[in-house]
Amino acid sequence: MAAATASTIRPKPSPLAFSFKSSLLSSKSVLPFSTIPRKLTPSRSLTVSSSLPQSNSAASAVTPTTPSVHVFVSRYAPDEPRKGADILVEALERQGVKNVFAYPGGASLEIHQALTRSKVIRNVLPRHEQGGVFAAEGYARSSGLPGVCIATSGPGATNLVSGLADAMLDSVPVVAITGQVPRRMIGTDAFQETPIVEVSRSITKHNYLVLDVDDIPRIVSEAFFLATSGRPGPVLIDIPKDIQQQPAVPKWNQPLRLPGYMSRLPKDPSEAQLEQIVRLISESKKPVLYVGGGCLNSSEELKRFVELSGIPVASTLMGLGSFPSSDPLSLRMLGMHGTVYANYAVDKSDLLLAFGVRFDDRVTGKLEAFARRAKIVHIDIDSAEIGKNKQPHVSICSDVKLALKGINRILENKEAKLKLDYSTWREELNEQKVKYPLNYKTFEEAIPPQYAIQLLDELTDGNAIISTGVGQHQMWAAQFYRHKKPRQWLTSGGLGAMGFGLPAAIGAAVANPGAVVVDIDGDGSFMMNVQELATISVEKLPIKILLLNNQHLGMTVQWEDRFYKANRAHTYLGNPSNESEIFPNMSRFAEACGIPAARVTKKEDLRAAIQKMLETPGPYLLDVIVPHQEHVLPMIPSGGAFKDVITEGDGRTKY
């Protein structure tokens, strides 16, 4: 049998429980990933929709269906015994897995030996387990397919924790597999033993401790189903070493044992609910769309809805790319560092259409003041998010894609009758765009970091896949790179995990061969996973690194400037004994791994330097020296409202 433990970070548990092992499963709300993968591989054995019909029987089992277009051919005879590790690897192959990010250790040696026998799966070897899980996230975020990472027990498993938490908060489909000490040693404080199931309980959508080798095929199928269905998220499978070594004949296509979870998957939205939303739209004078990561899989439907309605669109950090930021109806990003005009639109609106969002504090600021004049319509796949932070007037628990299709159908049928016209409202917002554009100042020869991102956007025509670390550079990349389409923007949103950018770029490059992948990073974030340069070099991944180096923890410095009288509290990352020297020399890290690198310090040299970076075959690091006094603006202070927005000033001013 298998012991299964599930996790949730909801403020209160769901009253609905599984009938097996008295486990609780949670779904999460923002749906930034397709439950029907965008680039479905022929060998994928499980195709699921995020809005499945409710099961008639709570105890009914679900059997994964195998597409008739492909028959999986095993390298083993049907009745041939093989090790549990080989069963695991074949189970991954049957799920269509082509790439994993796995770092070996004593408790996972058998899995790695089995991977060497696979002719299908490629292991991209990270240089740290955190790099592996972030790479799996980058793979998933950029492709829509679940990312897979593997680590050993003990410290290997605990090194996955930040990535699991990040995937949980940002709703990323990741399957993490960990080795564990043999079953007889569990609970004895054996060498490299940690109870990773317990450690990860609240930061995974579900997790498993495998106690029977015969359960591996079912558990792997369930893990991929859970990771990609409903609100996506991370699933962990912990496999003791003796299970990996035990010979068995696998039983494929076992039914899934997820009755409680299946019964709680959202249904299709009703026609009456959609009609009610259309009525509110027709009655509105100042509507605005507030779209998040849950719309990334609904980009075409969203664009059609905007075409039919003429309603302007404000995006969260996670939703960037779901609607083209260069479109005249785009208000770009809203929230703490969003545009003035996006926050103005929400503040003045009479109808807020919140699609695939969770009313995060970095968006809302002071909850009571957020959209205080508006009726709120909230559509989300996770019922736990509806009304959690902000009470809507109308809500639908459904896949946003299905809801938008239904609304579009109604609008198309009633287009002549409704005659929606928000031209006056759009003119009002256009005035705000002219009055408060995104801008920055230039000081002599110094390179404004915003200018560097603008140049990158221009030279890549907005088509690059962008990953970032966390901090000022992340916000400037969100503001000044014009995101055209979903899945080209990879960033740690909810967790805000520094060190995310470089390994996430690895995952994106593996998932999207031939694409231009650029890690826009800060010196603080870059240093946290700098060892992954070795992976980039060995795997020959053509990743470009645009390093905005200000020698400081920039965002923390900004808060020090604004709220702590510029008192520096360990935020300088250079060498205090020689502040005139750039330290460390980032180019040396790249050169040590055989990656070409250059440094640029003057604005007049920047265009040619970025052009050279993009034209150089293979990976490249460009160290761009920028002033630490720059502030990310606009800024609404934490807990503030739109009236508190800051649009002027930097570290050269005293507050």
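**Group meeting talk: a walk through the model**

Hi everyone, let's start with one pair of residues: Ile150 stands opposite Ile177 in β6. What you have in front of you is a predicted model, so please keep that in mind as we go.

That pair belongs to two strands, β5 and β6. Strand β6 covers residues 174-180, and β5 pairs with this strand in the parallel sense over 5 bridges. What holds such strands together, in general? Strands of a sheet pair through backbone hydrogen bonds, either parallel or antiparallel. On another side of the story there is strand β3, residues 99-102, which runs parallel to β5 and is joined to β5 by 2 bridges. If you want to find that pairing on the screen, look for Phe101, which stands opposite Cys149 in β5.

Now, is β5 buried or exposed? Strand β5 spans residues 147-151, and 5 of its 5 residues are buried, so the strand is largely enclosed by the rest of the structure. Here is a handy idea for reading it: in a regular strand the side chains alternate between the two faces of the sheet. In β5, both faces are covered, with Gly147, Cys149 and Ala151 buried on one side, and Val148 and Ile150 buried on the other.

Let me step back for a moment. The protein has 655 residues, and 60% of them count as buried. Its secondary structure comes to 23 helices and 21 strands. If we take the contacts with a separation of 6 or more, residues 24 or more positions apart account for 75% of them.

Next, a helix: α1, residues 84-94. How many of its residues are buried? The count is 11 of 11, and α1 is described as mostly covered. The buried residues of α1 include Ile87, Leu88 and Val89, along with charged names such as Asp86, Glu90, Glu93 and Arg94. Just after α1 comes Gly96, which takes a positive phi of about 85 degrees.

Let's see how two helices sit together. Two packed helices are described by the angle between their axes and the distance between the axes. For α3 (residues 129-143) and α5 (residues 161-170), the angle is about 25 degrees and the axes are 8 Å apart. Angles under 35 degrees count as roughly parallel, and that makes α3 roughly parallel to α5. Where they meet, α3 brings Gln130, Val133, Phe134, Glu137 and Arg141, while α5 brings Ser162, Gly163, Leu164, Asp166, Ala167 and Asp170. Sorted by class, this contact has 4 nonpolar, 3 polar and 4 charged residues.

Further along the chain there is an open sheet of 6 strands, in the order β17-β16-β18-β19-β21-β20, with parallel pairing. Which strands stand at the edges? They are β17 (489-490) and β20 (597-600); each has a single partner strand, so one side of each is left without a neighbour in the sheet. The partner of β17 is β16, residues 465-468, and the two pair in the parallel sense over 2 bridges. Within that pairing, Ile466 has Trp489 of β17 as its bridge partner.

Helices lie on this sheet too. Helix α16 (residues 449-460) lies across β16, β18 and β19, and runs at about 160 degrees to β19. Helix α23 (residues 606-615) also packs on the sheet, where it touches β19, β20 and β21, and its direction makes about 165 degrees with that of β21.

Two single residues before I finish. Asn408 sits in helix α14, residues 400-418. At 5% relative accessibility, Asn408 counts as buried. Setting aside residues up to four places away in sequence, Asn408 touches Glu301, Arg304, Phe305 and Leu308.

Then there is Lys375, in strand β14, residues 375-380. Is Lys375 buried or partly exposed? Its relative accessibility is 41%, and therefore Lys375 counts as partly exposed. Beyond its neighbours within four places in sequence, Lys375 is in contact with several residues, among them Leu280, Glu283, Asp350 and His393. Lys375 and Asp350 are 25 residues apart along the chain, yet their C-alpha atoms are separated by 6.0 Å.

One last topic: cysteines. A disulfide is a covalent bond between the sulfur atoms of two cysteines. How many disulfides are counted here? With sulfur atoms required to be within 2.5 Å, the count comes to 0. As for surroundings, Cys397 is partly exposed, with a relative accessible area of 30%, and Cys593 is partly exposed at 23%. Thanks for listening!

Key:
Residues are numbered from 1 along each chain as its sequence is written. This is a predicted model: local features need pLDDT of at least 70, side-chain atom pairs count only at pLDDT 80 or more; totals for chains, interfaces and linings use all residues. Side-chain values use heavy atoms; hydrogens and water are left out. Buried means under 20% relative accessible area, exposed over 50%, partly exposed in between (1.4 Å probe, protein chains only). Helices (H or I, at least four residues) and strands (E, at least two) are DSSP runs, numbered from the N terminus. Two strands pair if DSSP finds at least two bridges between them. Contact means heavy atoms within 4.5 Å. Axes are lines fitted to C-alpha atoms, for helices over the stretch in contact, and angles run from 0 to 180 degrees between N-to-C directions. Angles under 35 degrees count as roughly parallel, over 145 as roughly antiparallel, 65 to 115 as roughly perpendicular and the rest as oblique.
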